[in-house]
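Me: Hello! I am new to this structure and would like to go through it one question at a time. Could you show it to me before we start?

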Amino acid sequence: MKLELTSPEYLVFYITLFTVIGYIDGCSRERSRVVRRVITEKIYPLYKSVQAEIPDTCILNKERDIYAIQEDQKYNEPPNKWYCNICGKGFIAEYYLDLHFTNRHKEYIRQGEDVLCLADYCDLYRCDIVAGIQTAEFWDISLCLEEDMEDIKQRCKEVFSTCVPQGLSKNATLTLEEGLNEIVCNFHSCKKYWETPLEKPRDVSVMYTVFTVFTFIVLIIYYCIGYQYYYTDTFTDMYEPSFKPSYKLPNQQVRQRIVNTDS
């Protein structure tokens, strides 16, 4: 059955399509990645330490992350080679792999009412600060007021209140609550706002570039010295002989001295 462009089925199809595309385009992969890193490196180990499962209603639940499936299909080969584990294609940067996922593997993007964009919670996780994009200036610290921080700190605690599962022991519940506050919410204070819960990653690409440039310079110097030594007279002409050869008497004078000695 062929659908007309004005048929109700076509209209429903395009409304659904543009809704999904708009939602995907409106969710920043880069900022979502910052939130996901905090969750993976800090929060998941916290739950593991008390042997607790993350509730389905919690924003930390991996099953609600719109990009979780695609992120699991990435393989990074240092310093900056990225591969798609779905089809095997390689890319020179993670940015191009993200474009590849959006264009070629949209079926691996989660959909549904419970799906969420982690980047929507960047105000709680302070994404720009954690990513190193934004740093504190003098007036940011000097004019900071704790009263201004209190509202977002309370909202943070309310969001994570749904992330403590029921039925845990009192100690496990307290550990989770304090741990979540320490990792995320407590940073909303004038004293800690510009700090990060994560260790700063080493920039492998910069280190690789510096090493390459250094090696190249060493090779050039080695080549110049070797060329000058083996193929030119530069090194031999730089120095005068350290001594002059001794003077030899003509043969006739030598013989005359021998005769005089014998006589």
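Me: Is Glu71 buried or exposed?
Reply: Happy to help, and please keep in mind that this is a predicted model. The relative accessibility of Glu71 is 15%. Buried means under 20%, so Glu71 counts as buried.

Me: Which side chain does Glu71 meet in a salt bridge?
Reply: In general, side chains of opposite charge can pair when their charged atoms come close. Here the N to O distance is 3.3 Å. The partner of Glu71 is Arg33.

Me: How many residues apart in sequence are the parts that Glu71 and Arg33 tie together?
Reply: Let's place each one. Glu71 lies in helix 3, residues 68–72, while Arg33 lies in helix 2, residues 29–49. The pair therefore ties together parts whose separation in sequence is 38 residues.

Me: Where is Lys62, which meets Asp72 in a salt bridge?
Reply: The side chains of Lys62 and Asp72 come to 3.0 Å, N to O. This pair links distant parts of the chain, ten residues apart, with Asp72 in helix 3. As for Lys62, its place is the loop between helix 2 and helix 3.

Me: Is Asp72 buried, partly exposed or exposed?
Reply: Its partner Lys62 has 37% relative accessibility and counts as partly exposed. Asp72 has 44%. The class in between runs from 20% to 50%, so Asp72 is also partly exposed.

Me: Which residue forms a salt bridge with Asp98?
Reply: The closest N and O atoms of this pair are 2.7 Å apart. Asp98 lies in helix 4 and its partner in strand 1, residues 74–77, so the pair ties together parts 24 residues apart in sequence. The partner is Lys74.

Me: What is the relative accessible area of Asp98?
Reply: Both ends of this salt bridge are buried: Lys74 has a relative accessible area of 13%, and Asp98 is buried as well. For Asp98 the value is 3%.

Me: Which residues are joined into one network by salt bridges that share partners?
Reply: Two pairs you have already met belong here, Glu71 with Arg33 and Asp98 with Lys74. Shared partners join these residues with others into one network. Its members are Arg33, Arg36, Asp65, Glu71, Lys74, Glu94 and Asp98.

Me: How many salt bridges does the structure hold?
Reply: We have looked at some of them, including Lys62 with Asp72. For the structure, the count is 14.

Me: Which residues line the largest cavity?
Reply: There is one cavity of 30 Å³ or more, and about 40 Å³ of space lies in the largest cavity. By class, its lining has seven nonpolar, no polar and one charged residues. They are Val38, Leu124, Tyr125, Arg126, Val130, Ile183, Val184 and Pro197.

Me: What is the phi of Arg126?
Reply: Arg126 is one of the residues lining the largest cavity, and it is found in the loop between helix 5 (122–125) and helix 6 (127–130). At 4% relative accessibility, it counts as buried. Most residues other than glycine have a negative phi. Arg126, although not a glycine, has a positive phi of about 55°.

Me: Is Gln51, which has a positive phi, buried or exposed?
Reply: Gln51 has a phi near 55° and lies in the loop between helix 2 and helix 3. Its relative accessible area is 74%. Exposed means over 50%, so Gln51 is exposed.

Me: Which residues are joined by a cis peptide bond?
Reply: Most peptide bonds are trans. In this cis bond, omega is about 5°. One partner, Pro79, is found in the loop between strand 1 and strand 2 (81–84). The bond joins Pro78 and Pro79.

Me: What is the area of the nonpolar surface patch that includes Tyr95?
Reply: Tyr95 has its place in helix 4, residues 94–104, and counts as partly exposed at 47% relative accessibility. The patch is made by Ile92, Tyr95, Tyr96 and Leu99. Its area is about 430 Å².

Notes:
Residues are numbered from 1 along each chain as its sequence is written. This is a predicted model: local features need pLDDT of at least 70, side-chain atom pairs count only at pLDDT 80 or more; totals for chains, interfaces and linings use all residues. Side-chain values use heavy atoms; hydrogens and water are left out. On a 1 Å grid over the protein atoms alone, a cavity is a set of points where a 1.4 Å probe fits but cannot get out, and a pocket is an open set with protein on both sides within 12 Å along at least five of seven lines; lining residues have an atom within 4 Å of a point. Grid points are joined across faces, edges and corners, and a volume is the space filled by probe spheres set on the points. Ala, Val, Leu, Ile, Met, Phe, Trp, Tyr, Cys and Pro count as nonpolar, Asp, Glu, Lys and Arg as charged, and the others, Gly among them, as polar. Patches are made of residues with over 30% relative accessible area and no salt bridge: like charges are joined within 9 Å, nonpolar side chains (Val, Leu, Ile, Met, Phe, Trp, Tyr) within 5 Å. Accessible areas come from the Shrake-Rupley method with a 1.4 Å probe; for residues, only the protein chains shown count as cover. A salt bridge is a side-chain nitrogen of Lys or Arg within 4 Å of a carboxyl oxygen of Asp or Glu. Helices (H or I, at least four residues) and strands (E, at least two) are DSSP runs, numbered from the N terminus. Buried means under 20% relative accessible area, exposed over 50%, partly exposed in between (1.4 Å probe, protein chains only).
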